[in-house]
Amino acid sequence: MKTNAQAVVIGGGVIGCSILYHLTKLGWTDVVLLERDELTSGSTWHAAANIHGLHDNNNITRIQNYTMDLYKTLEAETGQGCGVFQPGSLYLAQTEAREHQLRLQAAKAKYYGLNFHEVSRDEAERLHPLVNFDGIRCIMFEPSGGNVDPSGVTNAYAVGARQRGAEIHRFTPVTATEQQPDGTWIVRTPKGDIRTDWVVNAAGLWGREVAALAGITLPLQPTEHQYFVTETIQAIADMDRRLPSVADRDGEYYLRQEGKGLLIGAYERDMRFWAEEGTPLDFAHDLFPDDLGRIEENMMRAIDRVPAVGEAGIKRVINGPMIWSPDANVLYGPHPDLKNYFCCNGIIPGFSQSGGMGLMAAQWIVDGESQYDMFAWDVARFGEWADKAFTKARVRDQYANRFKIHFPNEERAAGRPVRTRPVYETQKALGAVFGLNYGWEHPLWFSDTTGTTDTNGFTRQNWWGPVGEECRMLRDRAGIIDISNFAKYRVTGAGASDWLDALFANRMPKAVGRSCLTPLIGVRGGIAGDFTVTKLGEEDFLIVGSGMAERYHKRFFDAVARPATVRFESRTEAMCGFNVAGPQSRALLQGLTDASLATADFPFMRSARITLAGVEVVAIRVSFTGDLGWELHCRTEDQAALYAALLEAGKAVGAGPVGSRALMSLRVEKGYGSWSREYSPEYWPQETGLAPLIKMDKEFLNKAAYAALMDRAPRESLSMVEVLDVKEADATGGEPIFLAGGKPVGRVTSGAYGYSVGKSLALAYLRGVAPGTEVEVMILGRPHRGAVLDRPPFDPDGERLRA
């Protein structure tokens, strides 16, 4: 066994073997995989191993299609069969909402050049004569859908990795992972130790235990999961082809051919946790006792749809473990608190995603960043607040609602609240409907009735009208927005300015009381973040950024060596904030302070420490609404007093509380981008409009990567589109955009109704499309006429912003 390696992968399931294979494809051949038992032990070997290409997240769609395409080339490359069956998949919609979802996915498939299209009932009956299609509103067909052999795929990855020099050691448990002072790791096993640059935790059911060896905790929880296979069904035995699988997600089961029978699986409401205190180390190719009674309701729905299921005997039952994260997505990426420790844990649709997941992981390890923005999977999306109770509550909800549609703007209540601010109860009494942002409860909108909850769907919901009232109140008078969930950092000490200049692409403010907007550049030269930096004093700075990206951005902050004299600290918990904005915001605030808020004394992008209603705040003349306004940051213990004073003062000018749904509408009206939507490492600065903020006459993180692409023409450009004929729904993000002839030209990143301008709007990345061009925006999966705008419809010259 090697004693030194570039990377050690822990876990010999399909994901671990895929990562190993892709590391070797990218040129890292000095790599080792350690498996405590046999390859495929744990949850890989008993997986149903269905494969499908479409996902609500566009980048995950790309990854899943890469995976399906890879399997056949993997067979040819390695000589190891993957057991690939691709008779296609039928997707059924029983409800209007499911029809909207499927039509939107069909539009995305067209945009990406994938084959996912609607078929008639006659065609569906020809494809699968055993299905009763009564009550089905819409049927889509994915010709490449199907399933693979779990053992075959895993071993094909292993063979491919070995062919390029990788070592695989079975029956070699890892007993310790110890980071050394130089950043390398010692991985200890009973067969010897390996020093390595990277540790990759792909330990599947043992992901928690392997993480604990490195001193970290991952929010993971295993459950039981059952499917069964029928005896031979004569109608299938008589066929000369394989039947397509059936995705009847409104029926809450999945179904496909297995041998000459059918395989049916379910995610039942009466779910069962397993191994709550830790996965047994002696568990390998084991199963649990059958418990089909728990999935009886799901089985009956499957029988109603495919009556042959009810006429066939049961050949075998598989009841095995799966391990889940709180949102059912993988925990993926370098752990923010450790150097060179990569996580890939909690994978559910592993055989649809294994290839793409392995490629993205290998790119991140070898190149420092994956080609696609994978924040939806990033382990950094959770913090210590995602404790055991939260994880179990969310996993229970995710499992029991596995096939429920994840609607745009949907906020699920399981496990909440986790983190609240002092004004939480006050906001609740004001009728706040809350959302979750990196564990924090924050107001989405305010209802006239306390206890109101969101309705959910692809069309306009119960919050659409009240959010409009909040927007108009702010634009006409003023509004008070809780921005406490923004991430806040304090950087102080000798050399603070120089360190920030070495981190951020813009030049840091030189004068006390000045603020700047600055991009953070990613490893490939894209936009890894956008921040407001305010100089509070000599070598004293306040930084405000995306709240949900706080741990994600920690990797970048740690990438620039910080002098011992410079102190960096997160102040997100210690500080709260409000944005008071609108034409009457100055009048509202002036009555609470002796400091002059006149434009001459307090112009745009300036800041000052002032006292408001007896509360000391850092006031910054900036507003994400695009209107006249101030951000006010105070100590958390002063939040309640400041909020009460602002609400009371607001009565005189007709102002009140405003939620984040209104903020979305207001910033879209102004054309402001938001991190993880308009700004991500995938987008070049010249595509986002942020290039003018980059100063090439100084050094900053990843400057060389940006320099290599700065003179290249934008592949696409951030643009604004007015949707002209929409009546029941607005764009939300991800909708493809086509020219009238069907040519794909872009996709929506954010969408909202602009209440103060009376327009349905979308921010989008477009290529080769000039302002004034008519386009088709695929809202609800159907074409809606739109026009590309040359300027934001609200205050395009910034007159109100600077008033």
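The following paragraphs lead from the overall form of this predicted model to a selection of its strands and individual residues.

The protein has 803 residues, and its secondary structure comes to 20 helices and 37 strands. Its radius of gyration is 27 Å, close to the 28 Å that the globule rule gives for 803 residues, so the protein is as compact as a globular protein of that length. Along the principal axes, the C-alpha trace spans about 85 × 60 × 50 Å. Of the residues, 61% count as buried. The exposed surface of the protein is about 28,800 Å², and carbon and sulfur atoms supply 48% of that area. Among contacts between residues at least 6 apart in sequence, 73% join residues at least 24 apart. The protein carries 86 positive and 99 negative charges, and the mean positions of these two sets are 3 Å apart.

Thr40 offers a starting point in the N-terminal numbering. This residue is placed in the loop between strand E2 (31-34) and strand E3 (50-51). Its relative accessibility is 6%; because a residue under 20% is classed as buried, Thr40 counts as buried. Neighbours within four places in sequence aside, Thr40 is in contact with Gly12, Gly13, Trp45, Ser151, Thr154 and His285.

His100 belongs to a helix, H3, which covers residues 96-112. With a relative accessible area of 12%, His100 is also buried. Apart from neighbours within four places in sequence, His100 is in contact with Phe458, Thr459 and Leu780. His100 and Ser607, by comparison, are 507 residues apart in sequence, and their C-alpha atoms are 47 Å apart in space.

The next element to consider is strand E10, residues 185-189. Of its 5 residues, 4 are buried, so E10 is largely enclosed by the rest of the structure. On one side of the pairing, strand E9 (residues 176-179) is joined to E10 by 4 bridges, and the two run antiparallel. Thr177 has Val187 of E10 as its bridge partner. E9 and E10 form a hairpin with 5 residues between them, and Gly183 in that turn has a positive phi of about 95°. E10 also pairs with strand E11 (residues 192-201), again in the antiparallel sense, over 5 bridges. Here Val187 is paired with Ile194 of E11. E10 and E11 likewise form a hairpin, with 2 residues between them. Val187 thus has a bridge partner in Thr177 and another in Ile194.

Strand E15 (residues 261-266) has a comparable setting. All of its residues, 6 of the 6, are buried, so E15 is largely enclosed by the rest of the structure. Strand E12 (residues 221-230) runs antiparallel to E15, and 4 bridges join the two. In this pairing, Tyr227 has Gly265 of E15 as its bridge partner. Strand E14 (residues 253-258) pairs with E15 over 5 bridges, also in the antiparallel sense, and Gln257 stands opposite Leu262 of E15. E14 and E15 form a hairpin with 2 residues between them; in the turn, Gly259 has a positive phi of about 65°.

A further group of strands lies later in the sequence. Strand E37 (residues 782-789) runs antiparallel to strand E32 (residues 717-723), and 4 bridges join them. Within this pair, Glu722 stands opposite Ala787 of E37. E37 is also joined by 6 bridges to strand E36 (residues 774-779), which runs antiparallel to it, and Glu776 stands opposite Arg785. A hairpin with 2 residues between the strands is formed by E36 and E37, and Leu780 in its turn has a positive phi of about 60°. Leu780 is one of the residues in contact with His100, which lies in H3.

Gly733 is found in the loop between E32 and strand E33 (736-738). At 28% relative accessibility, which falls between the limits of 20% for buried and 50% for exposed, Gly733 counts as partly exposed. Residues up to four places away in sequence aside, Gly733 touches Val748, Thr749 and Ser750. Gly733 and Ala212 are 521 residues apart along the chain, and their C-alpha atoms are separated by 38 Å.

Notes. Residues are numbered from 1 along each chain as its sequence is written. This is a predicted model: local features need pLDDT of at least 70, side-chain atom pairs count only at pLDDT 80 or more; totals for chains, interfaces and linings use all residues. Side-chain values use heavy atoms; hydrogens and water are left out. Two strands pair if DSSP finds at least two bridges between them. Buried means under 20% relative accessible area, exposed over 50%, partly exposed in between (1.4 Å probe, protein chains only). Contact means heavy atoms within 4.5 Å. The radius of gyration is taken over C-alpha atoms; the globule rule is 2.2 Å times the number of residues to the power 0.38. Accessible areas come from the Shrake-Rupley method with a 1.4 Å probe; for residues, only the protein chains shown count as cover. Lys and Arg count as positive and Asp and Glu as negative; His and the chain ends are not counted. The place of a charge is taken as NZ of Lys, CZ of Arg, CG of Asp or CD of Glu.
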